[in-house]
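Ready for a few warm-up exercises? Have a look at the chain below, then work through the tasks one by one.

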Amino acid sequence: MDTPWWSDDDRFLAAVRQARAAAREVPEEFVAAGKALFAWHDIDAELAALTYDSAVDEAGAATRGAEHATLRALIFATPELTIELEVGPEALLGQVVPARPGTAYTHLVTGDVVTSVIDESGCFVFRPAPAQAFRLQCRPSSGGNVVTDWIAL
């Protein structure tokens with residue numbers, strides 16, 4: 001008759017070694033996400049504060065019987081500029097106010113960075129909208145560097 005693994009010291013220790021080895025094997029995407037969350041990409045960037053989130057507003061409206069909106073609106077602000085975002089099923093639309101041309105970046109939690117041009121009217125678009133947590137960075141060509149906190153849609 002075969003003895004159970006927990007009563008055989010060699011088999012028990014082999015099972016413990018196997019469990020410890022499995023615990024040390026962290027998937028690469030987890031490591032990349034952890035590094036991206038704590039990396040300080042731009043020490044000179046000004047953090048834009050979230051001043052409006054329609055998802056929070058909707059939660060209050062839902063208790064009053066309002067219908068669920070298909071777009072989500074977010075507004076981030078610094079003393080110098082405001083970033084207005086609309087998140088739809090197909091795109092992330094944004095505008096820098098006051099309008100300034102430049103470059104916008106989404107820093108994804110995986111470490112990938114996607115770039116979009118900010119036009120003369122301050123508008124930019126990311127297609128498709130990020131499917132994972134991201135941080136938005138805006139660099140107007142007139143100078144300055146603004147970054148948002150992490151956004152999970």
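A contact here means heavy atoms within 4.5 Å. Keep in mind that this is a predicted model.

**Exercise 1.** Find what share of the contacts between residues at least 6 apart in sequence join residues at least 24 apart.

*Solution.* Start with the parts list: the protein chain has 3 helices and 9 strands. Next, read along the sequence, and you get α-α-β-α-β-β-β-β-β-β-β-β. Now for the contacts: 48% of those between residues at least 6 apart join residues at least 24 apart.

**Exercise 2.** Work out which way β1 runs relative to β9 and to β2, parallel or antiparallel.

*Solution.* Take β1 (residues 46-53) and β9 (residues 146-148): they pair in the parallel sense, over 3 bridges. In that pairing, Glu 46 sits opposite Val 146. Then turn to β2, which runs antiparallel to β1 and is joined to it by 4 bridges. There, Ala 49 faces Ala 77.

**Exercise 3.** Decide whether Cys 123 and Cys 138 are buried, partly exposed or exposed.

*Solution.* The cut-off for buried is under 20% relative accessible area, and for exposed it's over 50%. Cys 138 comes in at 1%, so it is buried. Cys 123 has 29% relative accessibility, so it counts as partly exposed. As for disulfides, the structure holds 0.

**Exercise 4.** Name the residues that touch the most other members of the largest nonpolar core.

*Solution.* This core has 20 residues, and the best-connected members are Phe 76, Ile 83, Leu 85, Leu 92, Phe 124, Leu 136 and Cys 138. Strands that each supply at least two core residues include β2 (72-77), β3 (82-87) and β8 (134-140).

Notes. Residues are numbered from 1 along each chain as its sequence is written. This is a predicted model: local features need pLDDT of at least 70, side-chain atom pairs count only at pLDDT 80 or more; totals for chains, interfaces and linings use all residues. Side-chain values use heavy atoms; hydrogens and water are left out. A disulfide is a pair of cysteine sulfur atoms within 2.5 Å. Buried means under 20% relative accessible area, exposed over 50%, partly exposed in between (1.4 Å probe, protein chains only). A nonpolar core is a set of buried Ala, Val, Leu, Ile, Met, Phe, Trp, Tyr and Cys residues joined through side-chain atoms within 4.5 Å. Two strands pair if DSSP finds at least two bridges between them.
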